[in-house]
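Trainee: I'd like a close look at one part of this model, the places where the chains touch. Could you walk me through it slowly?

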4 protein chains.
Amino acid sequence: MNKNKRKYISVIGGYPCSPEESLMAETVGRELAKQGAILICGGEGGVMEAACKGAQAEGGITIGILPGDSRRTANPYVMVPIVTGIGSARNIIVVKSAQAVIAIGGGYGTLSEISFALKNGIPVIGMNTWNFSRKGEPDNSLVLTDNPVDAVNLALELAEY
Amino acid sequence: MNKNKRKYISVIGGYPCSPEESLMAETVGRELAKQGAILICGGEGGVMEAACKGAQAEGGITIGILPGDSRRTANPYVMVPIVTGIGSARNIIVVKSAQAVIAIGGGYGTLSEISFALKNGIPVIGMNTWNFSRKGEPDNSLVLTDNPVDAVNLALELAEY
Amino acid sequence: MNKNKRKYISVIGGYPCSPEESLMAETVGRELAKQGAILICGGEGGVMEAACKGAQAEGGITIGILPGDSRRTANPYVMVPIVTGIGSARNIIVVKSAQAVIAIGGGYGTLSEISFALKNGIPVIGMNTWNFSRKGEPDNSLVLTDNPVDAVNLALELAEY
Amino acid sequence: MNKNKRKYISVIGGYPCSPEESLMAETVGRELAKQGAILICGGEGGVMEAACKGAQAEGGITIGILPGDSRRTANPYVMVPIVTGIGSARNIIVVKSAQAVIAIGGGYGTLSEISFALKNGIPVIGMNTWNFSRKGEPDNSLVLTDNPVDAVNLALELAEY
C-alpha cells in the first residue's frame, strides 16, 4: 500500500460496553485493518479492546494511547502502547491523532472526545451514541450509521490530512 | 472569611459570546467575588473575560488557565495567569480545579468541559447552554437556571471538596 | 501595589528536603510575599510547602499546581490549588507560569524543571542545586546564590513579561 | 518475532544536530529495526528524523509523538504520527512510552527528557550528551557509549517492563 494513502482512524466508546457494541467495534477494527488503516484508540477495555482485537486478527497496526503510567494497562491487542501519564487529558490526543473518529456507545468521556473532534473539524461517525442540541437547536454534525462496514467506509472517505 | 470555607468555582462558556451572555457572566463573576469564592476560568475573552471583569470589580481573585505559551493572551481582568502551553487539554484543568462549574452558552469546547465535569462528578450549572441525550435518553445532569445570582448560589451550595 | 508590577515567581525543589533547604525556602516565600510577588509552585511538600508557609505568613498569594486529581494533596499553605491530573507533565506548567524560577536543592524532577525553564528563556536562580555540562562544556546559565533574600531580589530583577 | 518480546525504545536528541550525530542516530534507528524494536521519538527533525530514516530503511515501525496540532510537522520517516497538541509536555510521553532511552547530543529539551527518564527509573544510554552533578556530586546514572550498535544492544538489554 502506498504510504501516503495510509489513514489514521480513532475508535472511541464505552468501557465497559454492551455485547452489541463490542461486536460492532470488533467488526469496525477488522474492516479498518483490511483496508490498511492504522487504528488509534485509548488502549483500554470495552469498545477499545474489541476494536483492537478485530484489527489484530487482520494483521493491522493498533495504537493505544493510555491515560496512566504503565503499559501493563493496555488491552492485549494493542501493538504500540503510548504511555502518557496525563490521565483523561489523553482523550484529546486520541482525537487529534485521527483523520476521522468512529464513536460507538460511550459515556461522558466519549462525549468529551466527540466535542473535541468537532471543535477541531475532525469528522465523527456515530453509532448508538450521544446526540446534542445547543440552545435548543439540534446539532447534526455526527454522521450516523448502524452498520460497522459503512462506518469504516464513511470514516475513510471523510479522512483528510 | 474562614480559609477552609473558600470555594473554587469555574466559569466556562463562549468566546466570543452574545451581549446577553456577557452580562450574565459579569454578574456571575461579581456575585462569586462578593461571596468570597475564587473564580477559575480559561483566561481568554468572551464569557471568561466578562466573568473576570465582574469578579475584579468586587475585589475577587481571578485565575486564568491559558492554553498557549504567553501570559499576554490573558484577558486584562485575570489576576493570576497560569501558562500551560498544552492547548485545549487545559480545558480539563479548568474543570478539575473547580468544586462546581457554571456554563454560560458556549461551543464544542464548552461541551467538552461539561462532559469532563460530569465524568468527574463535578456539578454543572447550565445557563443557555448545551443539552444532550445518550442513545435517545435525555441526560438531565445539568442544573439549569437563567438567573446569574441563582447560578452562583447553586454552585456554592453544590461545591464540595 | 500597581497590578502591572505584580510578579509571578516559581519556587521549585526537593520533596522531601533537608532542614536547611526548608529554611531557605521559607525565607524565600516570606520575602516574595513581602515584595508583593505571587508564589507559584507544585503545591506539594518539602521545598514547596516551606515556601508557601513563608508566603502565607506574610499574607501572600500562593498557587499550587498539583499533579494529581485531588486538591486534598495540596500542602496546607496553598491558597489556590490547581488540580491538573496530568502527573509530572504539570512541572512544565509550574515553570511556564513564572517570570523567574528559584530552584532549591531537588532531584530529577527539579532538574527537568530547570531544563524546561532554560529552554523557554526563563531565568533560574539556583540554591544548592544541580549543575551540568553539555558535551564537556560547563553550562553557566543558572544564577547562583546561597542567600534567600538575594535569590528573591535576583528573581524579581530578572522577571520579565 | 514473538510479540511479547517486542521492545519499545525512544531516541531523543538535538534538532538540529551535527552530521556526526545524524549518522549515529541513523545507525541506531537501523539497528533497532533490525532487532525488531519499535522506535519512538518526538517526530521532528535532527536526531529524530535520522533515527526514523534508519529504522524505515530496515522496515521498522516508527512512532512520532508531535508537540503541535498537525501531523504535517512529522518528519517523512514517521509511520504513525501521534498529534498531541500539548507542546513540550509531549517530551514526557516520549520518555514514558519507552522501556529504555537513547540520548544523542541535544539541548535543554533533551536534558528535560533525560531527567524525566531517570525520575521514572527508565534506563538512559547517553551518546555525546549532557552530564550533571547534584550539589557537587557527579551523577553517573547515564550509561555512556560512542558506538551506536552498542547503544542499541545496551538499550535492549536494559529494557524492562
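Trainee: To start, how many salt bridges are there between chain C and chain A?

Mentor: The count between chain C and chain A is 0 salt bridges. Keep in mind that this is a predicted model, and let's stay with that pair for a bit. The contact itself involves 4 residues of chain C and 4 residues of chain A. Together the two chains bury about 190 Å², with 59% of that area on carbon and sulfur atoms. On the chain C side, C:Gly85, C:Ile86 and C:Ala89 lose the most area to chain A, and together they make up 92% of what that side buries. Sort the chain C residues that touch chain A by type and you get 2 nonpolar, 2 polar and no charged. Polar contacts don't turn up either: the rule finds 0 residue pairs across the interface of chain C and chain A, counting pairs with both residues at pLDDT 80 or more.

Now for the geometry of that pair. A turn of 180° with a shift of 0.0 Å along the axis lays chain C on chain A, at an RMSD of 0.0 Å. The two copies are thus related as by a two-fold rotation axis. One of the contact residues is worth finding on screen here: C:Ile86 is the residue of chain C that comes closest to the rotation axis, with its C-alpha at 1.9 Å. The same surface serves both copies, since 100% of the contact residues of chain C recur in chain A.

Next, swing over to chain D and chain A. This contact takes 28 residues from chain D and 30 residues from chain A. Between them the two chains bury about 2500 Å², 58% of it on carbon and sulfur atoms. Here the salt-bridge count is 2. In a salt bridge between these chains, the side chains of D:Asp69 and A:Lys96 meet at 2.7 Å, N to O. As for polar contacts, the rule finds 8 residue pairs across the interface of chain D and chain A, both residues of each pair being at pLDDT 80 or more. On the chain D side, the elements giving two or more residues to the surface that touches chain A are β3, β4 (80-83) and α3. Of that side, β4(D) supplies the largest share, 4 residues. By type, the chain D residues touching chain A divide into 16 nonpolar, 5 polar and 7 charged.

The superposition of this pair goes like this: chain D can be laid on chain A by a turn of 180° and a shift of 0.0 Å along the axis, with an RMSD of 0.0 Å. Also, 100% of the interface residues of chain D are interface residues in chain A as well, so the copies meet through the same surface.

While you have chain D in view, look inside at helix α2, residues 47-57. Its buried residues are D:Val47, D:Met48, D:Ala50, D:Ala51, D:Cys52, D:Gly54 and D:Ala55. The cover over them includes β1 (8-13), α1 (19-34), β2 (38-41), β3 (62-66), α3 (90-96) and β5 (100-104) of chain D. In that list you'll recognise β3 and α3, which also give residues to the side that touches chain A. Just after α2(D), check the backbone at D:Gly59, where phi is positive, about 75°.

Notes
Residues are numbered from 1 along each chain as its sequence is written. Chains are lettered from A and ligands numbered from 1 in the order in which they are written. This is a predicted model: local features need pLDDT of at least 70, side-chain atom pairs count only at pLDDT 80 or more; totals for chains, interfaces and linings use all residues. Side-chain values use heavy atoms; hydrogens and water are left out. Copies are superposed by least squares on the C-alpha atoms of residues with pLDDT of at least 70 in both. Contact means heavy atoms within 4.5 Å. Buried area is the accessible area (1.4 Å probe) that two parts lose on being put together, summed over both. A salt bridge is a side-chain nitrogen of Lys or Arg within 4 Å of a carboxyl oxygen of Asp or Glu. A polar contact is a pair of N or O atoms within 3.5 Å; within protein, one must be able to donate a hydrogen and the other to accept it, and residues adjacent in sequence count only if both atoms are side-chain atoms. Ala, Val, Leu, Ile, Met, Phe, Trp, Tyr, Cys and Pro count as nonpolar, Asp, Glu, Lys and Arg as charged, and the others, Gly among them, as polar. Buried means under 20% relative accessible area, exposed over 50%, partly exposed in between (1.4 Å probe, protein chains only).
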